[in-house]
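Dear colleague,

I am passing a structure on to you, and below it you will find some notes on what turned up when I went through it. Please keep the structure open beside the text as you read.

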Amino acid sequence: MRVLGLCLLVLLGLVPAAHAAEAAPEVVPPHQTFTLTSKRLHEVRRLNVYTPPGYDAAKGARFPVLYMPDGGLQEDFPHVARDVDAAIRAGELRPMIVVGIENTERRRDMTGPTQVAEDRKIAPHVGGSAAFRAFVRDELIPEVRRRYRTTEARGIIGESLAGLFVLETFLQEPGLFDTWISLSPSLWWNDDALVRSAPQKLAGHRSLKGALYFATTGDDTMAPQATRLAEALRARGAKGLRWKYEPLPQLRHDNIYREASPRVLREWFPPEPKRAGAPAKGPAAPAGGAATPSH
């Protein structure tokens, strides 16, 4: 009734449509929630977990996992889980588990250290990405592996500061995930330090494997930094890494996640070839062929 009343007010012009959309609760596919006491972060973290259709019945099957910061029920978990569920049911995306990590101090967890005074003003605490990454690596991934039937294939998706965290983690620990998706990353952090350090960090890794996708929008001003990162990847060269940088000037920083992620997820997690008894595997190239670097 509350939603119907809001719709009526929108039609009468008494409530902006955006406010009505915010007031209406998002539909979330069936999911589980559990908490994990983190020694790395010295706090309790809440996790929301979507399992694919048929998970309970397929007793012997194991599934890849997509991890997502900003994964609370009031954050991005509902629309990502909903998009994943719809794509799996349509046969357009491989069955997978989605693990949403609900925020406590987002700007602390998603950022590395900074020498820029203005950066430090955005929150009481910043620069905690190394501790958050250790939580994901040493506590969360093992706990998800214990609770759910997972393969060793893992992906991560994030937007804005979470997109910065995705790229930082790729450059710091490229073996932690197989597929990395970063939407409108906040590459401005610490005076573009992540981009400036990229050539050295890339050169320091003996091998790079998996799949990397990052995109910028028409209003986030990060295209020059993203282009420099693409140039560093191209110069490094890595036959085992499929990667793509995609400018999306028609989108905005505030809508890229909802507008782009359904397509991007389908491209980078396409259905497995149908083979009887074949287990779920790691990341595949986008439908239509291998991803090629672009800018």
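This is a predicted model, and a convenient place to begin is leucine 140, which, leaving aside its neighbours within four places in sequence, is in contact with Leu36, Leu47, Tyr67, Val99, Ile101 and Phe135. Leu140 is also, together with Phe170, Leu212, Phe214 and Leu233, one of the residues that touch the most other members of the largest nonpolar core, which holds 50 residues. The most to this core is given by helix 7 (residues 161-172), with 8 residues. Apart from that core lies another, of 27 residues, and among them are Val84, Leu93, Val98 and Ile256.

Leucine 140 also marks the place where helix 6 bends, by about 35°, and proline 142 follows within four residues. The 19 residues of helix 6 (residues 129-147) should span 27 Å at 1.5 Å a residue, and the end C-alpha atoms are 25 Å apart, which agrees. The buried residues of this helix include Phe132, Phe135, Leu140 and Ile141, but also Arg133 and Glu139.

A second place to look is threonine 114, in the loop between helix 4 (106-109) and helix 5 (117-120). Is threonine 114 buried or exposed? Its relative accessibility is 8%, so threonine 114 counts as buried, the cut-off being under 20%. The side chain of threonine 114 makes a polar contact of 2.8 Å with that of aspartate 119, and a polar atom of the threonine 114 side chain lies 3.0 Å from the backbone nitrogen of valine 116.

With best wishes

Definitions and conventions:
Residues are numbered from 1 along each chain as its sequence is written. This is a predicted model: local features need pLDDT of at least 70, side-chain atom pairs count only at pLDDT 80 or more; totals for chains, interfaces and linings use all residues. Side-chain values use heavy atoms; hydrogens and water are left out. Helices (H or I, at least four residues) and strands (E, at least two) are DSSP runs, numbered from the N terminus. The expected span of a helix is 1.5 Å times one less than its number of residues. The bend at a residue is the angle between axes fitted to the seven residues ending there and the seven starting there. Buried means under 20% relative accessible area, exposed over 50%, partly exposed in between (1.4 Å probe, protein chains only). A polar contact is a pair of N or O atoms within 3.5 Å; within protein, one must be able to donate a hydrogen and the other to accept it, and residues adjacent in sequence count only if both atoms are side-chain atoms. A nonpolar core is a set of buried Ala, Val, Leu, Ile, Met, Phe, Trp, Tyr and Cys residues joined through side-chain atoms within 4.5 Å. Contact means heavy atoms within 4.5 Å.
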